[in-house]
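Welcome to a short tour of a protein. Have the sequence and the 3D view open side by side, and turn the view as you read along.

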Amino acid sequence: MLNHKEVEEYVLSMPNARLDFPFDEKTAVYKASNGKMFALIAEGSKPLRMSLKIDPNLGELLREKYESVLPGYHLNKKHWITVILSGQLSDDEVRDLIRHSFELVNG
């Protein structure tokens, strides 16, 4: 199961991704070069909670399939999901969702 450091390293490996704290010191916001958010991490959350931009149809399927995938916390529930990294999703699935989110905001 990915830990916070591994998730953050992967998120920041997206081309020109950057970290920001525009809301408070407890919410890490990752933005693409165009300034659009694609990932948010609740700092210090255990298990780690991460919100990601999602295709609405995929988001609905994931929420139905996994208990650890919820509507986006404090975000548009149609276009965002919050993933609890409890081990229900594989590391590869988590990486795929991060990449999907990044590609959506850069599309």
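## Empty space inside

A cavity is a set of grid points where a 1.4 Å probe fits but cannot get out. Keep in mind that you are looking at a predicted model. With a cut-off of 30 Å³ or more, the structure holds 1 cavity. The volume of the largest cavity is about 40 Å³. Which residues line the largest cavity? Its walls come from Met 1, Leu 2, Leu 85, Ser 86, Gly 87, Leu 89, Asp 91 and Val 94.

A pocket, unlike a cavity, is an open set of points. For the largest pocket, the volume comes to about 290 Å³. Its lining has 13 residues, and those that lie nearest the centre are Thr 27, Ala 42, Ser 51, Tyr 73 and His 74. Strand 3 and strand 4 each give at least two residues to this lining.

## Helix 1 and its buried side

Now find helix 1, which spans residues 4–12. At its N-terminal end sits a cap: Asn 3 places a side-chain oxygen 3.0 Å from the backbone nitrogen of Lys 5.

Which residues of helix 1 are buried? They include Val 7, Tyr 10 and Val 11. These residues span an arc of only 100° around the axis, so they sit on the same side of helix 1. The cover over the buried residues of helix 1 includes strand 2, strand 3 (37–42), strand 4 (49–53) and helix 3.

## Charged partners

Side chains of opposite charge can pair when their charged atoms come close. How many salt bridges does the structure hold? There are 4 of them, and three are described here.

Start in helix 1, where Glu 9 and Lys 5 form a salt bridge with an N to O distance of 3.7 Å. Glu 9 and Lys 5 are 4 residues apart in the helix, which means that about one helical turn separates them. Glu 9 is partly exposed, because its relative accessibility is 46%, while Lys 5 has 59% and counts as exposed. In helix 3 (residues 91–106), Asp 92 and Arg 95 are 3 residues apart, about one turn of the helix. Their closest N and O atoms are 3.1 Å apart, in another salt bridge. Asp 92 is exposed at 52% relative accessibility, and Arg 95 is partly exposed at 27%.

Another pair, Asp 20 and Lys 31, has its closest N and O atoms 3.2 Å apart. Asp 20 belongs to strand 1 (residues 18–20) and Lys 31 to strand 2 (residues 27–31), so this salt bridge ties together parts that are 11 residues apart in sequence. Is Lys 31 buried or exposed? Lys 31 counts as buried, because its relative accessibility is 14%, under the 20% cut-off. Asp 20, at 24%, counts as partly exposed.

## Two buried serines

Let's look at Ser 51, one of the residues nearest the centre of the largest pocket. Ser 51 has its place in strand 4 and is buried, with a relative accessible area of 7%. Its side chain joins that of Thr 82 in a polar contact of 2.7 Å. Setting aside neighbours within four places in sequence, Ser 51 is in contact with several residues, among them Phe 38, Leu 40, Tyr 73, Trp 80 and Thr 82.

Ser 101 is found in helix 3. With a relative accessible area of 0%, Ser 101 is buried. Not counting residues up to four places away in sequence, what does Ser 101 touch? Its partners are Phe 38, Leu 52 and Lys 53.

## A buried glycine

Our last stop is Gly 59, which lies in helix 2 (residues 56–65). Gly 59 is buried, with a relative accessible area of 0%. Leaving out residues up to four places away in sequence, Gly 59 touches Ile 54 and Ile 81.

Try finding Val 69 in the view as well. Gly 59 and Val 69 are 10 residues apart along the chain, and 8.4 Å separates their C-alpha atoms.

How values were computed:
Residues are numbered from 1 along each chain as its sequence is written. This is a predicted model: local features need pLDDT of at least 70, side-chain atom pairs count only at pLDDT 80 or more; totals for chains, interfaces and linings use all residues. Side-chain values use heavy atoms; hydrogens and water are left out. A salt bridge is a side-chain nitrogen of Lys or Arg within 4 Å of a carboxyl oxygen of Asp or Glu. Buried means under 20% relative accessible area, exposed over 50%, partly exposed in between (1.4 Å probe, protein chains only). The arc is that of the directions from the helix axis to the C-beta atoms. Contact means heavy atoms within 4.5 Å. A polar contact is a pair of N or O atoms within 3.5 Å; within protein, one must be able to donate a hydrogen and the other to accept it, and residues adjacent in sequence count only if both atoms are side-chain atoms. On a 1 Å grid over the protein atoms alone, a cavity is a set of points where a 1.4 Å probe fits but cannot get out, and a pocket is an open set with protein on both sides within 12 Å along at least five of seven lines; lining residues have an atom within 4 Å of a point. Grid points are joined across faces, edges and corners, and a volume is the space filled by probe spheres set on the points.
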